[in-house]
Amino acid sequence: MKKYFLILSTLLFLFVHNSCSERDLDLFPPDKDEIDAVNTEAKLQQLLNGSYLTMASSNVFGTEVMLFGDLMGDKLFVSNSNSSYLNTYNFNYNGGQNDFGFYGSLYDAIMKCNIVINSTKVPASSNLTRIKGEAKILRAFAYFTLVNYYSPTPTSGINQEYGVPLVLDDYEVNIQPARATVAQVYDQIIKDLKDGAVQADASALNPATNASSKVRFTQTAAKLLLSRVYLTRRAPGDAELALQYATEIVNNSNASFAKIDALAPTIPKDLNNPDAPFDLTPKYVSYFSGAKEEFAEGQPETIWELDLNNNTNLVTGIGSNISLPCYYNRTDSRKCLLFNQAFYQSFPATDVRRGSSTTGLLTSLGVPVQDNPRGYWTNKYPRFTQEGNYFRNIKVLRFAEAQLNRIEALHLTGQNALALTELNAFAASRGGSTYTGTNLLNDILTEKAKEFYGEGQRFLDLKRYNLPVVKTSNCTVNCNIPANDKLFVLPIDQTVLNANANLTQYPGYN
């Protein structure tokens with residue numbers, strides 16, 4: 001019988017130094033374990049936490065996956081002052097040359113989840129059910145990310161045999177899986193998410209603080225992802241299911257999850273106590289760019305965020321060399337990603353998501369003179385916070401998406417009047433412009449672009465509706481990518497193909 005050893009290489013940098021940590025992903029495992037010896041809840045939790053850390057790594061959601069969703073869209077550009085990721089921005093990539101390192105990382109996360117999900121050596125308990133539920137949500141999100149980028153959209157009707165490999169068994173060193181179909185991958189994603197929506201906790205609590213922890217997946221995260229998956233697949237009946245899950249979040253969430261009162265002051269003035277501290281900064285601005293973690297992390301608006309701290313950053317690689325603040329924040333030496341003028345001008349001055357050009361979430365301070373027209377930095381990713389540089393948790397799933405997914409699903413199910421009413425109410429809650437509904441789908445996608453800029457969604461929104469990417473400024477190469485062009489599907493790296501004789505490259509990259 002073969003024995004395979006799981007090397008927990010992503011966790012080797014975590015040392016025993018604190019017997020009672022307030023951080024959920026502080027782990028102190030052995031550096032090597034036989035897979036057969038993963039036979040306790042503690043070891044399964046370590047594997048699960050290793051998967052969380054992989055998802056948070058700099059080439060997955062810690063930096064690059066979040067970047068690519070905007071970099072390949074139509075609202076962002078790479079400054080002439082720094083050419084980082086210019087090839088991706090220009091859609092200049094192939095199997096031998098590309099910036100995409102998340103394919104292997106996501107399969108590493110999936111491998112750990114498979115061991116957790118398939119384990120039969122640990123006695124049944126409510127905690128084991130919770131661990132396996134979180135692992136299924138994580139595996140589903142990993143596969144959803146892979147099929148979003150490495151396969152055509154389900155509604156395109158083209159090359160549907162080019163899904164991604166489905167690996168659900170425990171680690172096998174000699175495995176060489178072929179691509180599954182797109183439909184098979186979506187079926188597995190939905191199965192995992194449905195299981196997770198039952199098995200995971202309703203509200204993840206940090207045992208050290210008894211406060212809701214947003215760095216673990218919950219039933220609410222599974223439901224939000226289900227609504228996103230159904231809006232992407234859009235098979236018969238999917239819009240109704242997307243509406244069901246989004247509505248459950250919007251109308252029936254527990255107190256851990258709630259919409260942000262975006263325009264309200266962070267700390268209102270106490271009229272009965274003039275000496276009491278106050279902060280009139282809008283809550284939405286403090287939620288993203290404020291220096292204090294108490295107003296930015298673990299908030300009801302957040303459904304899932306990445307845990308960034310001294311320990312996890314050693315493992316994930318996030319820091320001064322690669323991170324979202326590196327490329328987005330105007331104070332960092334590596335800054336290079338700006339939002340274009342047309343996007344900035346689409347916001348009214350009253351919109352909290354824009355704000356003042358000097359102090360708002362979109363700012364013209366210090367923009368490079370080399371760019372014509374000049375762009376705008378975003379302050380959504382502060383470099384310095386109370387905890388230090390590059391330690392602000394990264395928001396990946398938010399309550400606002402449930403609100404907007406519900407609106408999109410209302411439109412898809414023919415309830416346009418209600419969809420428009422809720423869309424305008426959402427825009428007004430940000431101080432934004434209202435819509436006429438003449439082209440309601442475009443209005444919804446426009447509002448999503450305004451809400452989630454810098455959060456990795458724009459390219460995928462265009463792709464799932466089979467829309468072109470049209471860059472009207474700050475672009476010289478591949479400025480108009482037609483719908484369903486091969487460039488909407490990433491090439492698998494040649495080194496991966498060389499290691500797997502059964503894996504095929506997407507048509508057009510050969």
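This is a guided tour of a predicted model, moving from the whole chain to a handful of residues worth selecting.

**The whole chain**

Start with everything displayed as a cartoon. You should be able to count 17 helices and 14 strands in the chain. Turn the C-alpha trace onto its principal axes and the spans come to about 70 × 60 × 50 Å. How does the radius of gyration fit a compact globule? A compact globule of 510 residues would come near 24 Å, and the chain has 22 Å, which agrees.

Now colour by burial: 57% of the 510 residues are buried. Switch to a surface view, where the chain exposes about 19,800 Å², with carbon and sulfur atoms supplying 51% of that area. If you colour by charge, there are 45 positive and 49 negative charges to find, and the mean positions of the two sets lie 3 Å apart. A contact map is a good companion here: of the contacts between residues at least 6 apart in sequence, 68% join residues at least 24 apart.

**Stop one: Asn159**

Select Asn159, in the loop that runs between α5 (126-150) and α6 (182-199). Check its backbone, since most residues other than glycine have a negative phi. Asn159 has a positive phi of about 50 degrees and is not a glycine. Is Asn159 buried or partly exposed? With a relative accessible area of 26%, Asn159 is partly exposed, because buried would mean under 20%.

**Stop two: Arg233**

Next, go to helix α7, which covers residues 219-233, and pick Arg233. Show side chains and look for Asp187: the side chains of Arg233 and Asp187 make a polar contact at 3.3 Å. Widen the selection to what Arg233 contacts beyond four places in sequence, and you will pick up Pro154, Thr155, Tyr186, Asp187, Ile190 and Asp238.

**Stop three: Pro373**

Move on to the loop between β8 (362-363) and β9 (377-378), where Pro373 lies. Zoom in on the backbone just before this proline. Most peptide bonds are trans. The one from Asn372 to Pro373 is cis, with omega near 0 degrees.

**Stop four: Glu451**

Now select Glu451 in helix α15 (residues 440-452). Which side chain does the side chain of Glu451 join in a polar contact? The partner is Arg430, at 3.0 Å. Glu451 has 0% relative accessibility, so this residue counts as buried. Leaving out residues up to four places away in sequence, Glu451 touches Tyr284, Arg353, Lys380, Arg398, Ala400, Leu404, Phe426 and Arg430. Showing these as sticks makes a good close-up.

**Stop five: Asn478**

Go on to Asn478, in the loop between β13 (469-470) and β14 (480-481). This is another backbone to inspect: phi of Asn478 is near 50 degrees, a positive value in a residue other than glycine. Asn478 has 32% relative accessibility and therefore counts as partly exposed.

**Last stop: Leu497**

Finish at Leu497, in helix α17 (residues 494-499). Its relative accessible area is 13%, so Leu497 is buried. Set aside residues up to four places away in sequence, and Leu497 touches Ile492, Leu503, Thr504 and Gln505. Before you close the viewer, draw a distance from the C-alpha atom of Leu497 to that of Lys269: they are 228 residues apart along the chain and separated by 61 Å.

Conventions. Residues numbered from 1 in each chain as written. Predicted model: local features only at pLDDT ≥ 70, side-chain atom pairs only at ≥ 80, totals over all residues. Heavy atoms only, no water. Helix = DSSP H or I, 4+ residues; strand = E, 2+ residues; numbered from the N terminus. Polar contact = N/O pair within 3.5 Å; in protein donor to acceptor, adjacent residues only side chain to side chain. Contact = heavy atoms within 4.5 Å. Rg over C-alpha atoms; globule rule 2.2 N^0.38 Å. Buried < 20%, exposed > 50% of the residue type's maximum accessible area, 1.4 Å probe, protein only. Areas by Shrake-Rupley, 256 points an atom, 1.4 Å probe, with all protein chains shown as cover. Lys, Arg positive; Asp, Glu negative; His and termini not counted. Charge placed at Lys NZ, Arg CZ, Asp CG, Glu CD.
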